[in-house]
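This report describes the architecture of one protein chain for a reader who has not met it before. It moves from the overall fold to the sheet, the cores and a few single residues.

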Amino acid sequence: MIDDEPAVGDALRRALEREGFEVIVTSGGAEGLIAFERKPADIVITDIIMPQKHGVDVIRAIRAMRATTGIIAMSGGGNFGPLAYEPEAITTSAYLAAAKEAGADEILTKPFDLADLVAAVNRLAPA
């Protein structure tokens with residue numbers, strides 16, 4: 001899990017651990033990539049809007065390192081609008097469309113229901 005907001009990472013970690021998943025939380029894109037290089041994960045959940053290393057860059061880097069990793073992108077930044085990648089737009093849907101284009105398997109708009117996150121993780125979990 002990669003999120004620059006400690007409270008978000010902690011809450012999502014607890015929810016996933018209750019479902020039986022092992023979760024490592026990192027506080028940003030650069031730290032998340034270092035952790036992934038040390039111990040590749042089956043699934044990465046990443047925020048998109050983060051300081052220093054944007055989530056879209058994180059997704060591209062993970063795809064380059066290990067194409068089989070499931071990736072869930074989440075974002076609540078920006079404004080809502082039609083789902084279309086427009087680089088100049090600052091909308092949540094544009095950020096998530098960019099994440100999907102970069103290789104995210106699932107996208108979630110913050111705030112989301114924890115059941116939706118668990119369902120996405122279960123869809124991507126290895127059999």
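Helices (H or I, at least four residues) and strands (E, at least two) are DSSP runs, numbered from the N terminus. In these terms, Thr 69 lies in the loop between H3 and S2. The model is a predicted one, in which local features need pLDDT of at least 70 and side-chain atom pairs count only at pLDDT 80 or more, while totals for chains, interfaces and linings use all residues. Residues are numbered from 1 along each chain as its sequence is written, and side-chain values use heavy atoms, with hydrogens and water left out.

## Overall fold

The chain contains five helices and three strands, and from the N terminus on these elements follow the order α-α-β-α-β-α-β-α. Of the 127 residues in the chain, 43% are buried; buried means under 20% relative accessible area, exposed over 50%, and partly exposed in between (1.4 Å probe, protein chains only). The accessible surface of the chain comes to about 6,700 Å², and 53% of this surface belongs to carbon and sulfur atoms. Such areas come from the Shrake-Rupley method with a 1.4 Å probe, and for residues only the protein chains shown count as cover. A contact means heavy atoms within 4.5 Å. Among contacts between residues at least 6 apart in sequence, 62% join residues at least 24 apart.

## The sheet

Strands of a sheet pair through backbone hydrogen bonds, either parallel or antiparallel. Here three strands form an open sheet in the order S1-S2-S3, with parallel pairing; two strands pair if DSSP finds at least two bridges between them. Strand S1 (43–47) and strand S3 (106–109) are the edge strands, each pairing on one side only. On average, neighbouring strands of this sheet are turned by 20° against each other, direction ignored. Axes are lines fitted to C-alpha atoms, for helices over the stretch in contact, and angles run from 0 to 180 degrees between N-to-C directions.

S1 and S2 are joined by five bridges, and S2 and S3 by four. The table lists individual bridge partners.

| Residue | Partner and its strand |
|---|---|
| Val 44 | Ile 71 in S2 |
| Ala 73 | Ile 107 in S3 |
| Ser 75 | Thr 109 in S3 |

Six of the six residues of S2 are buried, so this strand is largely enclosed by the rest of the structure. Gly 70, Ile 72 and Met 74 point one way from S2, and Ile 71, Ala 73 and Ser 75 point the other way. In S3 the side chains also alternate: Glu 106 and Leu 108 point to one face and are buried, whereas Ile 107 and Thr 109 point to the other and are not. Helix H5 lies across S1, S2 and S3 and runs at about 160° to S2.

## Nonpolar cores

In soluble globular proteins, nonpolar side chains tend to be buried together. A nonpolar core is a set of buried Ala, Val, Leu, Ile, Met, Phe, Trp, Tyr and Cys residues joined through side-chain atoms within 4.5 Å. The largest core holds 18 residues, of which Ile 48, Val 58, Ile 59, Ile 62, Ala 73, Ala 99 and Ala 104 touch the most other members. At least two residues of this core come from each of helix H2 (29–38), helix H3 (55–65), strand S2 (70–75) and helix H4 (92–102). H4 gives the largest share, five residues. A second, separate core of 14 residues includes Met 1, Leu 16, Leu 117 and Val 118.

## Selected residues

Thr 69 is buried, with a relative accessible area of 1%. The side chain of Thr 69 reaches the backbone oxygen of Ala 41 at 3.0 Å. Leaving aside neighbours within four places in sequence, the contacts of Thr 69 include Phe 36, Val 44, Ile 62 and Asp 105.

Asp 47 lies in strand S1 and is buried, at 3% relative accessible area. Its side chain makes a polar contact with the side chain of Lys 110 (3.4 Å). A polar contact is a pair of N or O atoms within 3.5 Å; within protein, one must be able to donate a hydrogen and the other to accept it, and residues adjacent in sequence count only if both atoms are side-chain atoms.

Ala 125 lies in the segment after helix H5 (114–124) and counts as partly exposed at 26% relative accessibility. The C-alpha atoms of Ala 125 and Asp 42 are separated by 7.0 Å, although these residues are 83 residues apart along the chain. Not counting residues up to four places away in sequence, Ala 125 touches Phe 21 and Ile 43.
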